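Here are my notes after a read through the model. Have it open beside you as you go through the points.

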Protein chains: 2
Amino acid sequence: MRVSSKTDYALRTVIDLALHMDDGVSAAARIAERQDIPVKFLEQILMILKAGGIVESKRGAGGGYFLADPPSHISVASVMRLMEGRLFGPPVSAQRRRAGSVSSSKELPFEELWANVEAAVAENLEKISISEMSDRVRKHSHTSLDFSI
Amino acid sequence: MRVSSKTDYALRTVIDLALHMDDGVSAAARIAERQDIPVKFLEQILMILKAGGIVESKRGAGGGYFLADPPSHISVASVMRLMEGRLFGPPVSAQRRRAGSVSSSKELPFEELWANVEAAVAENLEKISISEMSDRVRKHSHTSLDFSI
DNA sequence: TCATATCCTACTAACACGATAGGCATAATG
DNA sequence: CATTATGCCTATCGTGTTAGTAGGATATGA
């Protein structure tokens, strides 16, 4: 069970934007080099983030991206949910496709199981905001004299 | 974030074995038809479950599989961990492969994040036993007159 | 000795993922 | 107004993982 790179990149991007709010907008290329993410891949991620209402953009020369809301109002969960869909769910197996979306009664215990786990994950990620994450990143950069971020 | 079919099948298999403990051992073919899992695929899963000490087997004619421990002593977490490895972890991206396993200081906030989530998931799955799951399945089969399991 | 099992390895088709590419649309700037 | 810097959009591609198949060796009970 691993988080996708896309989600990881998205999270880093949003945190990066929080860390560079003072600079005004950030061009995709700048974010990409700061976070070491393939530019064109990042562009796609930024499109999703924009469609999801997490970032906004300014087009044309001197344009770029910026957070749609204050970092303290953006949860890690909201970013993850946007990128991953369900935070923790059952497989969409061939077997399940065969059966259609007929949720047989013997599926119920499983659905309940996954729903509980997902709730636990959500509870955990909902209360961590992007500002907390950026604070932590800042702190770790300072204590280790690593200013590359 | 979806659980793999393999894990799903494994869980169903273990629960199935719990439900059919009285019948003695269950041949892979019997489990496969009861749970509608491709037989040969199931065989591989059973090998993993055996290697992981969750089931034991009896070879030859009249042989089959059975649980190595009482269902109440087997947690959903143990099955999942065996099949999935980490319950919830960071991606192993190309970027990360480039950097080697050099856990840079700015990775720490992320590692902490994932570790917390994984702990939450584990806590949740650790306390659900296979006997609880099989009880639930039995209950749902009865209330809906669906005896096919 | 035959039927019924597990056990083991190799292979394959389909799909998801990570990434790349190219070009259009828009806006600032000289 | 031309140029340049940017976002926006779609298509494509390589690779690895996943889900599933296949075939046979090995063991055991009748």
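1. Which are the buried residues of α3(B)? A quick word first: this is a predicted model. The buried set of α3(B) consists of L42(B), I45(B), L46(B) and L49(B). Looking down the axis of α3(B), you'll find these buried residues within an arc of 105°, so they line one face of the helix. Turn to the other side of α3(B) and you meet K40(B), M47(B) and A51(B), which are exposed.

2. Staying with that helix, α3 of chain B covers residues 39-51, 13 residues in all. From first C-alpha to last it reaches 18 Å, close to the 18 Å expected at 1.5 Å a residue. Just past the end of α3(B) sits G53(B), with a positive phi of about 75°.

3. What covers the buried residues of α3(B)? The cover includes three helices of chain B, α1 (5-19), α2 (28-35) and α4 (76-84), along with the strands β1 (55-58) and β2 (64-67).

4. Now the pair of chains. Chain A superposes on chain B by a rotation of 179° with 0.1 Å of shift along the axis, and the RMSD is 0.2 Å. That is the relation of a two-fold axis. The same surface serves both copies, since 100% of the contact residues of chain A recur in chain B.

5. M1(B) deserves a look in this context. M1(B) is in the segment before α1 of chain B, yet it counts as buried at 7% relative accessibility. What does M1(B) touch, leaving out residues up to four places away in sequence? From chain A, the partners are M1(A), R2(A), V3(A), E84(A), R86(A), L87(A), F88(A) and G89(A), and from chain B there is F88(B). M1(B) and F88(B) are 87 residues apart in sequence, but their C-alpha atoms are 9.2 Å apart in space.

6. On to DNA strand D. There are 29 residues around this strand, and the closest are A28(A), K50(A), S57(A), Y65(A) and K40(B). K40(B) is also one of the exposed residues of α3(B) from point 1. Of the strand D atoms within 4 Å of the protein, 59% belong to sugar or phosphate, and the rest to bases.

7. Which elements supply the surface near DNA strand D? At least two residues each come from α3 (39-51), β1 (55-58) and β2 (64-67) of chain A, and from α1 and α3 of chain B. The most comes from α3(A), with five residues.

8. Some polar pairs are worth checking by eye. Y65(A) places a polar side-chain atom 2.8 Å from a phosphate oxygen of DNA strand D. Y9(B) likewise has a polar side-chain atom 3.1 Å from a phosphate oxygen of that strand. For a base, go to R59(B): an N or O atom in its side chain is 2.9 Å from a base oxygen of DNA strand D.

9. Is E118(A) buried or exposed? E118(A) lies in helix α6 (residues 108-126) of chain A. At 14% relative accessibility, E118(A) falls under the 20% cut-off and so counts as buried. The side chain of E118(A) reaches the backbone nitrogen of L87(A) at 2.9 Å. Leaving out residues up to four places away in sequence, E118(A) touches R86(A), L87(A) and F88(A).

10. S75(A) sits in the loop between β2 and α4 (76-84) of chain A. Although in a loop, S75(A) is buried, with a relative accessible area of 11%. Apart from neighbours within four places in sequence, S75(A) is in contact with L125(A), E126(A), I128(A) and S129(A).

11. Last, a backbone detail. Most residues other than glycine have a negative phi. D36(A), which is not a glycine, has a positive phi near 55°, and D36(B) has a positive phi of about 55°. D36(A) is in the loop between α2 (28-35) and α3 of chain A, and D36(B) is in the loop between α2 and α3 of chain B. D36(A) counts as partly exposed at 40% relative accessibility, while D36(B) is partly exposed with a relative accessible area of 39%.

Key:
Residues are numbered from 1 along each chain as its sequence is written. Chains are lettered from A and ligands numbered from 1 in the order in which they are written. This is a predicted model: local features need pLDDT of at least 70, side-chain atom pairs count only at pLDDT 80 or more; totals for chains, interfaces and linings use all residues. Side-chain values use heavy atoms; hydrogens and water are left out. Copies are superposed by least squares on the C-alpha atoms of residues with pLDDT of at least 70 in both. Contact means heavy atoms within 4.5 Å. Helices (H or I, at least four residues) and strands (E, at least two) are DSSP runs, numbered from the N terminus. The expected span of a helix is 1.5 Å times one less than its number of residues. Buried means under 20% relative accessible area, exposed over 50%, partly exposed in between (1.4 Å probe, protein chains only). The arc is that of the directions from the helix axis to the C-beta atoms. A residue is near a molecule or strand if one of its heavy atoms lies within 4 Å of it. A polar contact is a pair of N or O atoms within 3.5 Å; within protein, one must be able to donate a hydrogen and the other to accept it, and residues adjacent in sequence count only if both atoms are side-chain atoms.
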